[in-house]
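Good morning, colleagues. I should like to take you through one structure this morning, with the sequence and the model on the screen.

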Amino acid sequence: MSDMELMNIAQELSTNQTSTFCSIQGGTLEAKAAVFNASNNPDHKVGDYINKVIKVKDVLAEQIEIADEETGEVQSAVRVVLIDTDGKSYQAVSTGIFNALKKAIAIFGAPTWDEGLPCLIKQVSVGKGSMLTFDVQL
């Protein structure tokens with residue numbers, strides 16, 4: 001590896017993630033492991049839970065870059081990971097889920113929601129396609 005490649009790797013590994021939000025707080029090893037596992041290897045895809053309720057306790061959202069499948073153009077997107085009351089994690093790269101989450105936080109306050117916010121996952125038609133979102137089911 002060249003010095004330039006090593007410098008880029010070192011810079012990439014030491015960059016502070018300012019484009020990440022996580023409701024799990026605390027510096028315990030257990031809390032850090034929960035955040036890492038939810039971010040690195042979520043248990044499920046939100047899209048597999050359409051018409052099902054996820055009792056959301058915590059959330060993680062991070063800005064990512066994805067390539068458009070048709071054009072190859074790289075765009076920014078938000079990856080949301082919902083963490084339920086049992087510690088299971090559900091990921092989606094979905095504007096609808098992100099917007100619903102912002103509204104839920106504005107109305108119910110920022111997580112951690114200890115009792116779990118019961119979110120009914122939905123897929124709704126938008127233009128020529130569809131998007132994921134959720135309703136709160138009390």
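Which residue takes a positive phi in the hairpin of β4 and β5? It is glycine 87, with a phi near 85°, and that hairpin has four residues between its strands. Please keep in mind throughout that this is a predicted model.

Let me now give the overall layout. The protein chain has three helices and seven strands. Read along the sequence, their pattern is α-β-α-β-β-β-β-α-β-β. Of the 138 residues in the chain, 31% are buried.

I turn next to the strands around that hairpin. Strand β4, residues 74-84, runs antiparallel to strand β5, residues 89-93, and five bridges join the two. On its other pairing, β4 is joined by eleven bridges to strand β3, residues 53-67, again in an antiparallel arrangement. The hairpin of β3 and β4 has six residues between the strands, and there glycine 72 takes a positive phi near 80°.

One residue of β4 deserves a closer look. Isoleucine 83 is the bridge partner of aspartate 58, and isoleucine 83 also stands opposite serine 89 in β5.

Isoleucine 83 appears once more when we come to the largest pocket. This pocket holds about 220 Å³ of space. Its lining comprises 14 residues, and those nearest its centre are Ile24, Ala34, Ile83, Asp84 and Gly87. Glycine 87, with which I began, is therefore both the hairpin residue with positive phi and one of the residues nearest the pocket centre, as the list just given shows. Which elements supply at least two residues each to that lining? They are α2, residues 29-40, together with β3 and β4. Helix α2 gives the most, with three residues. By character, the lining divides into four nonpolar, six polar and four charged residues.

Let us move to the aromatic residues. A search of the whole structure finds one aromatic pair. The rings of tyrosine 49 and tyrosine 90 have centres 5.0 Å apart and planes at 90°, so the pair is edge-to-face. Tyrosine 49 lies in the loop between β2, residues 44-45, and β3, while tyrosine 90 lies in strand β5, so the pair ties together parts that are 41 residues apart in sequence.

Are these two tyrosines buried or exposed? Tyrosine 49 is buried, at a relative accessible area of 19%, and tyrosine 90 counts as buried at 7%. The cut-off for buried is under 20%. Tyrosine 49 has a further contact: the charged end of lysine 52 sits over its ring, 5.5 Å from the ring centre.

The loop that holds tyrosine 49 also contains asparagine 51. Asparagine 51 has a positive phi of about 70°, although it is not a glycine. Most residues other than glycine have a negative phi. Asparagine 51 is exposed, with a relative accessible area of 63%.

Finally, I would draw your attention to cysteine 22. This residue is placed in strand β1, residues 20-22, and is buried, with a relative accessible area of 16%. Where does it stand with respect to valine 81? The two are 59 residues apart along the chain, and their C-alpha atoms are separated by 9.3 Å.

That concludes my presentation. Thank you for your attention.

Notes: Residues are numbered from 1 along each chain as its sequence is written. This is a predicted model: local features need pLDDT of at least 70, side-chain atom pairs count only at pLDDT 80 or more; totals for chains, interfaces and linings use all residues. Side-chain values use heavy atoms; hydrogens and water are left out. Two strands pair if DSSP finds at least two bridges between them. On a 1 Å grid over the protein atoms alone, a cavity is a set of points where a 1.4 Å probe fits but cannot get out, and a pocket is an open set with protein on both sides within 12 Å along at least five of seven lines; lining residues have an atom within 4 Å of a point. Grid points are joined across faces, edges and corners, and a volume is the space filled by probe spheres set on the points. Ala, Val, Leu, Ile, Met, Phe, Trp, Tyr, Cys and Pro count as nonpolar, Asp, Glu, Lys and Arg as charged, and the others, Gly among them, as polar. Rings of Phe, Tyr and Trp (its six-membered ring) pair if their centres lie within 6.5 Å; planes under 30 degrees apart count as stacked, over 60 as edge-to-face and the rest as tilted. Buried means under 20% relative accessible area, exposed over 50%, partly exposed in between (1.4 Å probe, protein chains only). A charge sits over a ring if NZ of Lys or CZ of Arg is within 6 Å of the ring centre and within 35 degrees of the ring normal.
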